[in-house]
Amino acid sequence: MPGNGKLQPLDIIIPVWGSWHLTVFAHKALPTILHESNLPAMAKKLDVRVIIYTREEGETMLLSILPRLQAVCAVWVQNADLPLGYKDAWRYGFGQSFRRNALSMLVAPDIVWSAGSFAHIADLIHEGKRL
């Protein structure tokens with residue numbers, strides 16, 4: 001945590017494109033991320049920004065779910081027409097985080113999270129652990 005009293009910045013980087021991944025993210029993964037003991041709890045402890053890398057078809061589909069994320073933290077949707085896919089998106093996201101002196105957390109779009117996972121990660125960051 002920075003010594004200036006500000007919250008530690010953390011970028012959650014989520015690359016998601018393709019119909020299957022977009023559907024799973026919106027209907028399975030996102031509800032677990034938005035559980036009160038996950039992203040909302042983390043956003044009280046850290047300066048969280050969610051960066052979603054997607055392709056053109058994903059931007060349209062994500063419009064309906066963005067307000068739920070934006071109610072919790074800053075959200076940045078970036079068009080990701082990247083040749084090598086997810087690895088490029090994560091690499092690009094690391095660069096964005098580095099430029100704002102933020103930690104990075106990589107999140108796959110097809111993973112469901114147990115209650116309290118994000119709050120626990122925030123606690124570990126506050127303890128000075130680097131994951």
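In this predicted model, a good place to start is the pairing of Ile12 with a partner in a neighbouring strand: Ile12 stands opposite Met105 in strand E4. Strand E4 covers residues 103-106, and four bridges join E4 to strand E1 in the parallel sense. On E1 there is also a link to strand E2, residues 47-54, which runs parallel to E1 and is joined to E1 by seven bridges. Two of the facing positions can be picked out along this pairing: Leu10 stands opposite Val48 in E2, and Asp11 stands opposite Arg49 in E2.

Stepping back, these strands belong to an open sheet of four strands in the order E3-E2-E1-E4, with parallel pairing. The edges are formed by strand E3, residues 74-79, and by E4, each of which pairs on one side only. From one strand to the next, the twist averages 25°.

How many residues of strand E1 are buried? Seven of the seven residues in E1, which spans residues 9-15, are buried, so the strand is largely enclosed by the rest of the structure. To follow this residue by residue, it helps to recall that in a regular strand the side chains alternate between the two faces of the sheet. On one side of E1 are Pro9, Asp11, Ile13 and Pro15, and on the other are Leu10, Ile12 and Ile14; all of these are buried, and both faces are covered.

Helices come next. Helix H5, residues 86-99, lies across E1, E2, E3 and E4, and H5 runs at about 165° to E1. Helix H6, residues 117-126, offers a second case of burial: seven of its ten residues are buried, so H6 is largely enclosed by the rest of the structure. The buried residues in H6 are Ser117, Phe118, Ala119, Ile121, Ala122, Leu124 and Ile125. What do the buried residues of H6 pack against? Their partners are E1, H1, helix H2 (39-45) and E4. Just after H6 comes Gly128, which takes a positive phi of about 90°.

The nonpolar interior can be described through its cores. The largest nonpolar core has 29 residues, and those with the most contacts inside this core are Ile12, Phe25, Leu39, Met42, Val48 and Val50. Two or more residues each come from E1, H1, H2, E2, helix H4 (66-70) and H6. Of these, H1 gives the most to the core, with six residues. Val48 shows what such a position looks like at close range: leaving aside neighbours within four places in sequence, Val48 is in contact with Leu10, Ile12, Leu39, Met42, Ala43, Cys73 and Ala74. Apart from the largest core lies another core, of seven residues, among them Ile51, Ala80, Tyr86 and Ala89.

Aromatic rings add another kind of contact. A pair of aromatic rings is described by the distance of the centres and the angle of the planes. The structure holds two aromatic pairs. In one of them, the rings of Tyr53 and Tyr92 have their centres 5.8 Å apart and their planes at 80°, so the pair is edge-to-face. Because Tyr53 lies in strand E2 and Tyr92 in helix H5, this pair ties together parts that are 39 residues apart in sequence. Which of the two words, buried or exposed, fits Tyr53? Tyr53 is buried, with a relative accessible area of 1%, whereas Tyr92 is partly exposed, with a relative accessible area of 37%. In the pair formed by Trp113 and Phe118, the ring centres are 4.8 Å apart and the planes are at 80°, so this pair is edge-to-face. Phe118 counts as buried, at 0% relative accessibility, and Phe118 is also one of the buried residues of H6.

A last look goes to His21, which has its place in helix H1, residues 19-33. The relative accessible area of His21 is 22%, so this residue is partly exposed, given that buried means under 20%. Not counting residues up to four places away in sequence, His21 touches Val16, Tyr86, Pro109 and Asp110. Ser97 offers a sense of distance: His21 and Ser97 are 76 residues apart in sequence and 24 Å apart in space, C-alpha to C-alpha.

Definitions and conventions:
Residues are numbered from 1 along each chain as its sequence is written. This is a predicted model: local features need pLDDT of at least 70, side-chain atom pairs count only at pLDDT 80 or more; totals for chains, interfaces and linings use all residues. Side-chain values use heavy atoms; hydrogens and water are left out. Buried means under 20% relative accessible area, exposed over 50%, partly exposed in between (1.4 Å probe, protein chains only). Two strands pair if DSSP finds at least two bridges between them. Contact means heavy atoms within 4.5 Å. Axes are lines fitted to C-alpha atoms, for helices over the stretch in contact, and angles run from 0 to 180 degrees between N-to-C directions. Rings of Phe, Tyr and Trp (its six-membered ring) pair if their centres lie within 6.5 Å; planes under 30 degrees apart count as stacked, over 60 as edge-to-face and the rest as tilted. A nonpolar core is a set of buried Ala, Val, Leu, Ile, Met, Phe, Trp, Tyr and Cys residues joined through side-chain atoms within 4.5 Å.
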